[in-house]
Amino acid sequence: MSKRTILLIEPDVVLAETYRSILEKKGFRVRHVFGAQDAVVAADEKKPDLVICELQLVSHSGIEFLYEFRSYPDWRQIPIIVLSLVPMAEFKDSMFGLVERLGVVRYLYKPMTGLVELVREVDFVIG
Amino acid sequence: MDPARQTKDYLLPHQLLLSIAEQMKLPLLQIARQAELVNLSRDLKDISGIQALATNALQLLDAYSLSLQLKNNAGFELAPETTSVASVLYDANRQLQALARMYNVQLELNIGGRFEPVLAHRKGLESAIIGLASAFIETLPAQVNGGDLKLQLATHRCRYGIVAGVYADMPGLRSEALNRGRKLYGRSRQPMVDVSHTSGAGIFVADAIFKAMSLKLHASRHRHLYGLGVVLKTSSQLSLV
């Protein structure tokens with residue numbers, strides 16, 4: 001079976017390399033991009049099985065990106081995990097939209113999500 | 001605090017503290033995750049990265065605590081002294097090299113030329129430059145994705161004195177972005193959203209430190225690069241010697 005591909009949208013190099021390292025060790029193929037525009041290009045080149053996305057991106061809001069991503073019919077069914085420095089409490093009013101409209105399957109707060117937990121969640125969603 | 005000064009400040013101490021706490025999440029998170037990775041992989045070669053991140057976090061905390069002291073204590077001043085800009089930039093460059101390597105950023109020093117000593121509080125100037133450069137290093141890879149990851153600590157002469165600053169290939173870094181950031185800092189998670197994915201605390205802490213030295217941070221150009229810099233007055237007393 002071919003490796004499952006994860007599109008990792010993470011603006012911080014150090015964190016991106018850490019996440020990529022553990023996910024690749026667990027057998028996933030990881031394509032890392034820094035921002036929204038590159039994410040669209042990367043998804044167009046190779047349709048990912050899962051998107052992991054930070055909401056604080058340069059120039060774009062991650063939410064804007066998610067709306068754009070979901071506007072392409074081919075990508076509507078791709079599961080999305082939000083892995084962010086923004087606490088979920090700040091989205092309590094719009095959580096319904098994140099889940100129902102944007103298909104966010106997990107919202108993980110970075111400071112409280114260790115690498116083991118991240119791998120467990122990824123495994124659960126696409127493993 | 002002097003009420004007149006308080007109204008002029010665009011940021012109240014509690015907002016600064018909140019912003020600093022938010023900003024410190026990133027290096028602590030990086031340290032925690034890297035340590036977890038080392039623990040999981042039993043690969044100790046990554047331990048030097050953790051050391052670099054922790055050292056930079058301590059440097060930032062130093063700059064942040066200085067800016068908070070300035071906010072909270074009207075009598076606490078950064079009195080000017082005769083200082084060599086080149087030596088300040090040289091020391092800042094040395095302290096930031098390990099962090100720059102973590103981000104694959106090539107940190108260069110551009111202090112060529114003969115510059116007179118300037119009037120500035122040495123420690124304050126160094127803390128501000130480290131804060132500024134750290135903010136740039138963090139954001140540069142995402143900002144110039146695939147481009148030239150070069151950052152310069154540089155100095156040049158201008159009509160009003162000697163400029164010391166931090167420069168990169170970031171065209172979005174203009175006066176309007178800085179002024180908008182000043183208005184939004186402490187109120188928005190990304191006050192300079194076109195330039196940085198973080199709160200950019202290093203920039204605004206530097207801004208507060210410069211203000212305490214009666215200096216003003218402004219958008220500046222150095223050759224073909226964009227950046228932020230401060231104009232320092234030359235020390236005429238020593239020029240006569």
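A residue counts as exposed if 12 or fewer other C-beta atoms lie within 10 Å of its own. B:R223 has 9 such neighbours, so it is exposed. Keep in mind that this is a predicted model. Here's a quick tour: the build of chain A, its contact with chain B, a helix pair in chain B, and a few loop residues.

**Chain A overall**

- Chain A has 5 helices and 5 strands, and reading along the sequence you get β-α-β-α-β-α-β-α-β-α.
- The radius of gyration of chain A comes out at 13 Å, close to the 14 Å that the globule rule gives for 127 residues, so chain A is as compact as a globular protein of that length.
- If you like box dimensions, the C-alpha trace of chain A spans about 35 × 30 × 25 Å along its principal axes.
- Some 38% of the 127 residues of chain A count as buried.
- Take the contacts in chain A with a separation of 6 or more: 66% of them come from residues 24 or more positions apart.

**Where chain B touches chain A**

- Chain B puts 25 residues into the contact, and chain A puts in 22 residues.
- On the chain B side, the elements giving two or more residues are α2 (13-41) and α5.
- α2(B) gives the most to that side, with 10 residues.
- Sorted by class, the chain B side that touches chain A has 9 nonpolar, 10 polar and 6 charged residues.

**A helix pair in chain B**

- Two packed helices are described by the angle between their axes and the distance between the axes.
- For α5 (residues 122-143) and α7 (residues 201-212) of chain B, that angle is about 160 degrees, and the axes are 7 Å apart.
- Angles over 145 degrees count as roughly antiparallel, so α5(B) is roughly antiparallel to α7(B).
- The crossing in which α5(B) passes α7(B) is left-handed.
- From α5(B), the residues that meet α7(B) are B:G124, B:S127, B:A128, B:G131, B:L132, B:S134 and B:A135.
- Their partners in α7(B) are B:G202, B:I203, B:V205, B:A206, B:I209, B:F210 and B:A212.
- By class, the residues of this α5(B) and α7(B) contact split into 9 nonpolar, 5 polar and no charged.

**Loop residues in chain B**

- B:S214 sits in the loop between α7 and β6 (217-222) of chain B.
- It isn't a glycine, yet B:S214 has a positive phi of about 55 degrees.
- B:S214 has 12 other C-beta atoms within 10 Å, so it counts as exposed.
- B:R223, the residue from the opening, is in the loop between β6 and β7 (225-232) of chain B.
- B:R223 also isn't a glycine, and its phi is positive at about 55 degrees.

**A loop residue in chain A**

- A:S94 is found in the loop between β4 (80-84) and α4 (95-101) of chain A.
- A:S94 is exposed, because it has 12 C-beta neighbours inside 10 Å.
- Measuring from C-alpha to C-alpha, A:S94 and A:D38 are 26 Å apart in space, with their positions 56 residues apart in sequence.

Key: Residues are numbered from 1 along each chain as its sequence is written. Chains are lettered from A and ligands numbered from 1 in the order in which they are written. This is a predicted model: local features need pLDDT of at least 70, side-chain atom pairs count only at pLDDT 80 or more; totals for chains, interfaces and linings use all residues. Axes are lines fitted to C-alpha atoms, for helices over the stretch in contact, and angles run from 0 to 180 degrees between N-to-C directions. Helices (H or I, at least four residues) and strands (E, at least two) are DSSP runs, numbered from the N terminus. Angles under 35 degrees count as roughly parallel, over 145 as roughly antiparallel, 65 to 115 as roughly perpendicular and the rest as oblique. A crossing is left-handed if the near helix is turned anticlockwise from the far one by less than a right angle, and right-handed if clockwise. Two residues are in contact if their C-beta atoms, placed from the backbone, lie within 7 Å. Ala, Val, Leu, Ile, Met, Phe, Trp, Tyr, Cys and Pro count as nonpolar, Asp, Glu, Lys and Arg as charged, and the others, Gly among them, as polar. The radius of gyration is taken over C-alpha atoms; the globule rule is 2.2 Å times the number of residues to the power 0.38. A residue is buried if 20 or more other C-beta atoms lie within 10 Å of its own, exposed if 12 or fewer, and partly exposed in between; C-beta atoms are placed from the backbone.
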